[in-house]
Each structure stands twice: as structure tokens, then as C-alpha cells.
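Visitor: I would like a close look at a single part of this structure, with the strand pairing set out carefully. Please begin there and then go on to other parts that can be described in similar detail.

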Amino acid sequence: MKQCRRIAFFGTASLLLATACCLARPDDLPQAKGKEPAVLVLVGGRPWVGNGFVSMLSQSGCAVTGLNSVWLDGLGGASIKNFLTDLEEPTPKDGITPAFADLSRYKLVVITGMPQQKLELLYTAERIAALRRYVEAGGSLLLGNNTPRSLAELLPVVPGEFQNDHRECKAIRPASGFFSILPAEWRLPSRYRTLQLLPEARVLAPILGEGDTEKGFLLVEKPIGQGKVVYFNDEWAYRQGVVQLCSWAYGEALMISIAAEALGLSLNAKSAIYHLTPPPERKQHDSLRLKIRPPELSLQEYPDAAKVVSGREVVFGGDMRLEVDGTGSIAVHYPGLPVPLLKNLPPPVFTFSKGLVAIDDPSAEGVTVEQKGKMVPVRWQLDSITAEGPLATLLYKGDEGSELAWQFKAGKLVLDGREFIGIAEAVSMQKSNLPLEAMNITFRVALPEAGRRVRRFACYNPPRGYSEFDLSGKQAVEVRYGAFFGDGQPFSWLVSDQGIFSDFVERPCCLSAHQKVGEGAVDVESRLVMRFGRLKAPVSGEFIWHMYSSGAERGNNDWMAMYQFQRENLRRNAGLEAIPPEPLAGHQNICSEVEIAASLAAARELGFRSYWLPWCPSPIEHLDGEPAKKRYAQVRSAGLVPVAWTAGDYSHGDSEKIFANKSWYIYNKDGKIFQYFDKHPVLDLSNPEFRTWYCGVMGRAIEAGLGGVYLDMYGTASGNVNFGTPESRAGIHTMAETFRFFHDKGISVRIEGQNPLALDTWWFRRQLYEPFTGREFALVGTAPGTHNVGDGFELDYFRMAMYNSFGIISVDGYAIGFERVPGEIAAVRRIGALNPCLSRARDHVGMPFVRETPFGTSWISDNGGALFFYDRVSHMTLDLPKGWVIEGHDGMELHNVSEDTVLLLVKKGNVH
């Protein structure tokens, strides 16, 4: 037990306090973040408010011990639930007592964001005395304008009444160098108090009204003993409305500057300002030639009959060939390569469900059954190899009676002028004593080491976003792509100086990919995991293609072509149509009704057509409630299409309509309802009763005006399995049905995660993702969730658009003249200037095929095309398909094309 470094005795009450000080342990406090000097922060409000304040201050150069509302013993003035719709309010912890036990540990104490009535409970006589001793001994104390009169002996002012004319008032930047990063003056974002200065108080920042008349004081300090108290005429607290200190572009920098003034030490206030990353430098091209042709994106099976040669060798069309050794393992030969490209491909290893356990669950309609999944070793013996038409089948028998049919076929993939050739495999478990859950396919890829690397985009597998990995074997590296229909790109992509290798599936299924090399390794180890659910034999998997194309990559266009092909092919095979992303305007969920109305008017003025409704959190059944219907009507009356957040496949809080039906839920292997984050019960997408109810809710919402949905957490649903039913397929198998329901009604579908059947709308946060600036090609065809202020402007709007990618733009700040990031209003104004030409391109082309060009990108579809000029071009000669022309230009020559230009390519007779 740690002893206090200093104890002072002031009467009986102080003696008791001192005893408590000795017993209190610093270990009872949260871990400090950052480096010295040590700062103690008590921040009320929702826990994320306090966490943000602590993070901000620690990054500026402090070691911050932060007590958010979780640690304020119920005095934080706000719920400490993760979501307000959570069913139970957690019990707060007492961090105040151990913090006050030895304040001498800290150079600065900050108390802010707590309501005045809570602060009156916090400031007991003992704690006030402890604070006074702390300041007199050299500590610094920073207080806000909710500080009650009980702390009068420490305040540099006598607080008066709150004033409501702050919108007409401004603050003047303090002369101290600690504040140099701030603007010379700024409008007050919050109410202020009238203050009477006390002797020895010093005004750091005055408040001025019209005509620069003094109206009050924003910042006042006073020395007490060897320390000082700083009074800030505001609070770090989130309130209703856009305009507030917490969201102001320089609000965090102001708080850091005040902390630096109180400490008398320099802190990095610049670290708290959201500086947007500059877009790539624009180029000047003197003369260019460009040939435009419609793309060919096709996957074709070779019709040639497969032939079994020499008993253990099979030859397919395209000169593809596989050999089976005595153990039943396969090597695959690709034409033109001296050695097998795929080696050591044994029969898959399966995960079975084993061990029935009955569960007594009276809330369900019947007794559910749980089955323990485990790897069950099976020794496979090759029984026969047969061929019928283009298919070859390898039949294996297991030592415990299982039977496995392994089918192969060959084919080619043409991606925009580049030909891939390869083989596809599909596994069918024809007989098994145990229900099947998943299978692992492993093999080695003999792609030469020179230039060998992986391109990978996964929204939730670290590193998040688009990354490239060196798999040359210089060092050990492992790459996890993520689930192909959950949180990762729907294909693997391994390249070298010699060629490109890629795995993908023919139809939607639950699949994930892994690739790795050991240090000095010659081959790449590859593993594919396919999850079926929990099914009894016979069970058949989808075909998995292993494709190879010789020759080096053509810049980024090959990777982009594969991504666009996968979206097109998989949607078509699932009976779904292409979904072009669209620009979305929106507002923050703190907006008042007046601010929402202003945002809607601004969105229309800026050329947006759709509008994001920030309703997280909200139960599914609220989508057809009266408040939602009124909002749909309001958005529609502004000439915009409402797109709403909704829980994808889970209950958000006390959702009575759903909770009354326990049989609608997914059960885990412990026989309990499966919950996201151990809080949100997950629904079974395949349950017919739930689907009937769900389609009813959504149908009524659509009738009321809903025009699009964002399905939160729905990407992860692709791999969910219900262990509360005798058999269950992985969630991906019923997702297409959900998407078709919306598509048939003309409703756009966004999904949290990466799923080629819908619009990828993962939650993009700059601090969590690999940088996209300069690599916006990775966003092709996506709709990232950039609704966080700042993140929505992080990527250049034109560069995103030229790759057919559109995020969510908050227009509420623009609408009322308030900036949350420096340059926000100018950025939104530029977006509004670009929207008309971008809308024309979208209307003209529809769902495009996007290619990179020397100056930007081109869009091509059956309807026509568009050229996006990020760079300036002095002279360009185009070679267009027969019958195509450049809108507004004679011939095929272009001169002096400026940046941010969009030109349409149209077929003769279709000129606008």
C-alpha cells in the first residue's frame, strides 16, 4: 500500500481526511496518459466527452489522469451507458476520493463539464481545504463557470448571472504567447457569466460586445500562495446545437492554451487543431494521347472436356493441369510456367459440431440445442478420379466413414484487356456423422520473390484501410484480408514482377483469406477459410477460383478492375443490380430544429440530392414511427431523399416488439442469445417470423418517404451462425434476400463493412485508417462513412468523386456560419460548386467502370462516358469508340483543360 507523500492536519475533520489519504491508493485511479507534467482532469458529461478531453490534453504534452463520468461517483451529471438505449445504467466508480488523497502528485487540476448542482456535492469542506492547500503549495487550478459560490475563497471573481447575448459577443486573444495559435478574436460559442473581479485578479481575455464595448471577461487568473487559480467563463460540455466550444475549430486548442497558461509551461496546442491533409500536387501536362474503349469484364469456363491421364493427372481446357500425389495432395500447373504455381494442396481440414448439449430456455418456443465446434482430424484416402464434361471430381473417403467429393474446373477471366487463367475448386461433403461448420483450404503459391507483395483493403482488420505488404521473404509477414463479404475486399491480390495471382468466389459465401511468408521463404503460404454455418451432410461449398495472369501490373488499374468486376459479377449472380454511390449531405445529431431546417436548405442549395439522418442509436421499429415519418416528409419537402441509420440485425436497447419474441434471435454455443459487444442481441436473418415483421416495418417506412438505409453492423452478419436451431447457414445466405427487398422498392442500401452486394460504408476515421490521400483509387465504387466533422473533408471531394466514391458531408456548420475545422465553410462551398458537373456525369454514365488516366480518371458504361481532369492539360488527342463524341467540342482535340473539369463522352444522337 502506497503512503501519501504529504499529510497536513487541520482539526478533527482534516485528521479524518488525512487518514483517508493514507489509505487511498493511486492504483484506484485510471492509468495516466501521456508524459509529464502530471495533470488531473475531472470532466463530466457522457464518458466519451471526458475521454476525448483527456486524449486531447495528453497529446499536447501532459501526463493526464482523467476522471470521466464513470469515475465521478455519480457526480458527472450524465448517463454512463455505452448507448443511451442500453437496458442498465452501470454503477459509477469513486475516483474522486483517491484523486484528492494526494493532489501534490499533479501540477495542474482541471474541473469542468459538471453541472453546478453536482459540483456543490463535490466541493465538500474537506475537499475545498485540500484544494486550497494544493494551490498554496504551488499547484494550479482551472475551473469553469459552473463553479458554485462555495468555492469563493479560491475564485478570482464573484460570479453573477448567465448572459444570453453571447451570439453578439466576441473574445479577444490573450497577449500571452501560450495563445498564439488562436485567431485574434472569435465569436463566443456559449453563454457567459457576469463577473466581479477580486483584488489581485488579472484579466487574460475580455469579452467585447457591439462597438467593442467591454461586456465581461472570458479568462481571469489569480495567484494564491505559490500557485494560481484560473477561471474560464465557459465549460467543456456538449450541449444541444452546433455552435459550442467543444465543436469549434479552435476549441481544443483554446483549452490546451489555457492549461499551458495555468502551468506556465509550453504545450502543443497545434496538436488539437484538425489540419486537413493537403491533396496530391496537381500536374501540368503539355500533350497527351488517350484511347478510350469499353471494358471487357468476363469470367468464362472452358467448355473442353476434362481428361484423366495416367490415373493421377487431369488436363483441362486452356492447358490447365493438376497432379495428385500418393497422399491425395494436389499440385496445379499453369500454362507457360516451368513449375506448379499451386503446391501442397491437400483435402480441406474441417470444423465439425460435436457433442449435443440440451439447454433449458423457457423464453424460447422450444428447447434449443448447442453443439461444440472443434477440429476433427480425418485421414482422407483418395478413392477415385473421374471426369464428366469440363468437371473433374476427386472422391475421398475418411477413416471414420465420411465421404468427400472435390470438384475442379478451369476457365479464364478477362479484366479490361488483361487475361487471367485458372482453376476453380468446390468441396462437397457427401457423408458425415457430424454437422459441418467450416473448412480450411491450405496451399503454397510459387510466385517468384522478386517484387512480391500484397494489395489489401480491409475496413476493420489492422492496419485498417488500404495497405501493401512485402511478401518477398525478406522478413516474416502475415496478411489477413478479412471476410470477403464482411470487412475485406472480396478477392486476394498477390503480385510479383512475373505476374498476378488472385483468389475469389463465384457466388456469395462466407470466406476469408490469409497469406504469409516466413523469413527467407521461397513460396507464399495461403489459407482460405469457408464457413458454412452448421449443416448436416450433404453440404456443398461454392466454387473458389485461383487465377493467374503473367506480366507486371499496369499501375493501379488491374487491382481496380478486379474490384469492379467482383461487385458486378457477384451482384449479378445474386440477382441484384449495380448500386452507384451518391453524395450525401447531413447534419450532426446535436442540431436543433432550426439548425436542421437550415442544413436542409443548404443541402439543396449546394446541389445534393440525398440527405443522411444521424439516428444512431435507434431501434429498428422506430423507422416507421411518427417522429421518423415527420422527418422523412421534412426532407422530401426540401427536395431531398432521406437516408436513415438503422440497426442492421440487432436490437438496440429495450426494444419491446422484438424482445417479446426470443425465438427471433441467434444463440451462441453456450445456449445464450448472441450479443454484439455483449450488449446488443443479434437477430436471425433467416427467421421467417422476424423477416415478416421486419419487412412490414421497412415497408411502412418506405411508404412514408424513406429513400435509403444504412445497415449498422450488418457486414459482420455475413458470418453469423444460429446455434439455437438444429441447422443453420451462415448469415450471408439470407443477406441477398434483404438487399433485394430494398432494391425492388428503389431503396439504396449502405452497409457497415465491405460487402460487394451493397454499398461499402465503413466508419472512416482519419486517426484509425491508413492514409487515403494520394491512394484514393482504393475507394473506387465505395461510400465511406465520412459523417464525422473533419473526416468528411479529409479527402479531396473531386478526387474521391473521380473514383466514383462519395462520403457524407456535414453541411450544418456551413448553413449557420460556424466552423468545426479550419476552412470548413470554404470546403463546403467548393463542394457545392463541383456538385452540378458531378451530377451530370452520374446521370449520364450511371454505374461506371473507372480507370486511372495520366490526368485523372475516365468513366465508361454502356450509356457513355466522362473524363475527370484533376490535372491541367494543354493539349489532348482522344481516340474514342466509333460514334462517340466529346460533348461541346468538335473533333477529338482538347486544348487548355483546367483542373476540376468534367467532360462528357456521348454517343451521336444522344448529345445533351
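Guide: In this predicted model, strand β9, residues 202-208, pairs with β10 in the antiparallel sense over six bridges. Within that pairing, Ala-205 stands opposite Leu-219 of β10. The two strands form a hairpin with five residues between them, and in its turn Gly-211 has a positive phi of about 70°. Strand β10 itself covers residues 214-224 and is mostly covered, with eight of its eleven residues buried.

On leaving β10 the chain enters another hairpin, that of β10 and β11, which has two residues between the strands and in which Gly-225 takes a positive phi near 60°. Strand β11, residues 227-232, runs antiparallel to β10 and is joined to β10 by six bridges; one of the paired positions is Ile-224, whose bridge partner in β11 is Gly-227. Strand β10 thus has β9 as an antiparallel partner and β11 as another. As a general point, strands of a sheet pair through backbone hydrogen bonds, either parallel or antiparallel.

The parallel sense can be seen at strand β1, residues 38-43, and strand β2, residues 63-67, which are joined by five bridges. Here Ala-38 stands opposite Ala-63 in β2. All six residues of β1 are buried. In a regular strand the side chains alternate between the two faces of the sheet. For β1 both faces are covered, with Ala-38, Leu-40 and Leu-42 buried on one side and Val-39, Val-41 and Val-43 buried on the other.

Parallel pairing also describes an open sheet of seven strands, whose order is β43-β42-β40-β37-β36-β35-β44. Strands β43 (759-760) and β44 (808-810) stand at the edges with a single partner strand each, so one side of each is left without a neighbour in the sheet. For β43, the pairing with β42, residues 748-751, is parallel and extends over two bridges, and Arg-750 stands opposite Leu-759 in β43.

Turning to helices, α6 spans residues 251-263, and its 13 residues reach 19 Å from the first C-alpha to the last, close to the 18 Å expected at 1.5 Å a residue. An α-helix has 3.6 residues a turn, so residues three or four places apart point the same way. Helix α6 is mostly covered, since twelve of its 13 residues are buried, and the buried residues include Gly-251, Met-255, Ile-258, Glu-261 and Leu-263. The helix is followed by Gly-264, whose phi is positive, near 75°.

Helix α7 offers a companion case, with 17 residues that reach 24 Å from the first C-alpha to the last, close to the 24 Å expected at 1.5 Å a residue. This helix is mostly covered as well, with 14 of its 17 residues buried, and just after α7 Gly-575 takes a positive phi of about 75°.

Helix α7 also leads to the second largest pocket, which has a volume of about 560 Å³. The lining of this pocket holds 25 residues, and the closest to the pocket centre are Leu-297, Glu-568, Met-847, Pro-848 and Phe-849. The elements that give two or more residues to the lining are α7 (557-573) and β45 (849-852), and α7 gives the most, with five residues. By character, the lining residues divide into twelve nonpolar, six polar and seven charged.

Two individual residues complete this account. Glu-794 lies in helix α13, residues 791-794; because buried means under 20% relative accessible area, its value of 5% places Glu-794 among the buried residues. The side chain of Glu-794 is joined to that of Arg-766 by a polar contact of 3.1 Å. Gly-451, by contrast, is found in the loop between β25 (436-445) and β26 (453-458), and with a relative accessible area of 38% Gly-451 is partly exposed. Gly-451 and Ser-472 are 21 residues apart in sequence, while the distance between their C-alpha atoms is 6.6 Å.

Key:
Residues are numbered from 1 along each chain as its sequence is written. This is a predicted model: local features need pLDDT of at least 70, side-chain atom pairs count only at pLDDT 80 or more; totals for chains, interfaces and linings use all residues. Side-chain values use heavy atoms; hydrogens and water are left out. On a 1 Å grid over the protein atoms alone, a cavity is a set of points where a 1.4 Å probe fits but cannot get out, and a pocket is an open set with protein on both sides within 12 Å along at least five of seven lines; lining residues have an atom within 4 Å of a point. Grid points are joined across faces, edges and corners, and a volume is the space filled by probe spheres set on the points. Helices (H or I, at least four residues) and strands (E, at least two) are DSSP runs, numbered from the N terminus. Ala, Val, Leu, Ile, Met, Phe, Trp, Tyr, Cys and Pro count as nonpolar, Asp, Glu, Lys and Arg as charged, and the others, Gly among them, as polar. The expected span of a helix is 1.5 Å times one less than its number of residues. Buried means under 20% relative accessible area, exposed over 50%, partly exposed in between (1.4 Å probe, protein chains only). Two strands pair if DSSP finds at least two bridges between them. A polar contact is a pair of N or O atoms within 3.5 Å; within protein, one must be able to donate a hydrogen and the other to accept it, and residues adjacent in sequence count only if both atoms are side-chain atoms.
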